[in-house]
Amino acid sequence: QVHLVESGGRLVQAGGSLRLSCAASGGTFSSAAVGWFRQAPGKEREFVASISWSGANTYYADTLKGQFTISRDNAKNTVYLQMNKLKPEDTAKYYCATLNDPTAVVTIPEVWGQGTLVTVSS
């Protein structure tokens with residue numbers, strides 16, 4: 001089974017940028033679609049973005065289109081989330097997960113990482 005580890009979360013000022021990484025080991029990562037999710041304090045975990053196994057297709061939460069960019073490098077077994085124009089509302093623990101659907105259209109998580117905390121100050 002694939003093991004995922006997120007990294008890159010830290011404190012940033014509003015308007016700033018941050019790049020998160022989701023590194024995978026084991027399993028067949030290159031054949032798996034991956035999604036990013038986030039959970040803010042007191043709120044439910046929500047979908048952020050997803051990417052198909054090949055990286056050809058990407059999807060985003062409507063409110064984040066144009067702000068976040070998901071990408072992957074299968075040679076490095078890593079999926080990235082580039083976050084720009086960060087707002088205090090983006091403060092949350094960010095998680096990556098393999099998805100049941102290899103096309104990434106359906107975002108049903110299979111294996112979760114431990115998450116990385118992103119805090120955006122005003």
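1. In this predicted model, Arg38, Glu46, Lys87 and Asp90 are joined to one another in a network of salt bridges. The structure holds four salt bridges, and Arg38 takes part in two that can be described individually, one with Glu46 and one with Asp90. The contact between the side chains of Glu46 and Arg38 has an N to O distance of 2.7 Å, and that between Arg38 and Asp90 has an N to O distance of 2.9 Å. Because Arg38 lies in strand β4 and Asp90 in the loop between β8 and β9, the latter pair ties together parts that are 52 residues apart in sequence.

2. The surroundings of these charged groups deserve attention when protonation states are assigned to the model. Arg38 is buried, with a relative accessible area of 8%, and Asp90 is buried as well. Glu46, by contrast, is partly exposed, its relative accessible area being 38%.3. A salt bridge is also formed by Asp62 and Lys65, whose closest N and O atoms are 3.3 Å apart. Here both partners, Asp62 and Lys65, are exposed, whereas in the bridge of Arg38 with Asp90 both residues are buried.

4. Turning to the aromatic residues, the structure holds three aromatic pairs. One of them is formed by Phe37 and Phe47, which are arranged edge-to-face, with 5.9 Å from centre to centre and 70 degrees between the planes. This pair links distant parts of the chain, since Phe37 belongs to strand β4 and Phe47 to strand β5, ten residues apart. Phe37 is buried at a relative accessible area of 6%, while Phe47 is partly exposed at 23%.

5. Another edge-to-face pair is made by Tyr95 and Trp112, with centres 6.1 Å apart and an angle of 85 degrees between the planes. It too connects distant parts of the chain, with Tyr95 in strand β9 and Trp112 in strand β10 (residues 109-112), 17 residues apart. Tyr95 counts as buried at 11% relative accessibility, and Trp112 is partly exposed, with a relative accessible area of 32%. Taken together, Phe37, Phe47, Tyr95 and Trp112 are linked by ring pairs into a cluster.

6. Arg45 has contacts with two rings of that cluster, as the following distances show. The charged end of Arg45 sits over the ring of Tyr95, at 3.7 Å from the centre of the ring. Arg45 also lies over the face of Trp112, where the distance to the ring centre is 4.5 Å.

7. The largest nonpolar core has 29 residues, and the members that touch the most others are Trp36, Leu81, Met83 and Tyr94. Two or more residues each are contributed by β3 (18-25), β4 (33-39), β5 (46-51), β7 (68-73), β8 (78-83), β9 (92-99) and β11 (116-121). Of these elements, β3 gives the largest share, which amounts to four residues. There is also a second, separate core of five residues, and among its members are Phe37, Ala97, Leu99 and Ala104. Phe37 thus appears both in this second core and in the aromatic cluster with Phe47, Tyr95 and Trp112.

8. On the surface, Tyr59, Val105, Val106 and Ile108 make up a nonpolar patch whose members together have about 330 Å² of accessible area. Val105, one of these residues, is placed in the loop between β9 and β10, and at 51% relative accessibility Val105 counts as exposed, because the cut-off for that class is over 50%.

9. Two residues stand out for their backbone angles. Most residues other than glycine have a negative phi. Lys85, although not a glycine, has a positive phi of about 50 degrees, and Ala104, also not a glycine, has a positive phi of about 75 degrees. Lys85 is found in the loop between β8 and β9, where it counts as exposed at 58% relative accessibility. Ala104 is found in the loop between β9 and β10 and counts as buried, at 1% relative accessibility. Ala104 is also one of the residues of the second nonpolar core, and the loop that holds Ala104 is the place of Val105 from the surface patch as well.

Notes:
Residues are numbered from 1 along each chain as its sequence is written. This is a predicted model: local features need pLDDT of at least 70, side-chain atom pairs count only at pLDDT 80 or more; totals for chains, interfaces and linings use all residues. Side-chain values use heavy atoms; hydrogens and water are left out. A nonpolar core is a set of buried Ala, Val, Leu, Ile, Met, Phe, Trp, Tyr and Cys residues joined through side-chain atoms within 4.5 Å. Buried means under 20% relative accessible area, exposed over 50%, partly exposed in between (1.4 Å probe, protein chains only). Rings of Phe, Tyr and Trp (its six-membered ring) pair if their centres lie within 6.5 Å; planes under 30 degrees apart count as stacked, over 60 as edge-to-face and the rest as tilted. A charge sits over a ring if NZ of Lys or CZ of Arg is within 6 Å of the ring centre and within 35 degrees of the ring normal. Patches are made of residues with over 30% relative accessible area and no salt bridge: like charges are joined within 9 Å, nonpolar side chains (Val, Leu, Ile, Met, Phe, Trp, Tyr) within 5 Å. Accessible areas come from the Shrake-Rupley method with a 1.4 Å probe; for residues, only the protein chains shown count as cover.
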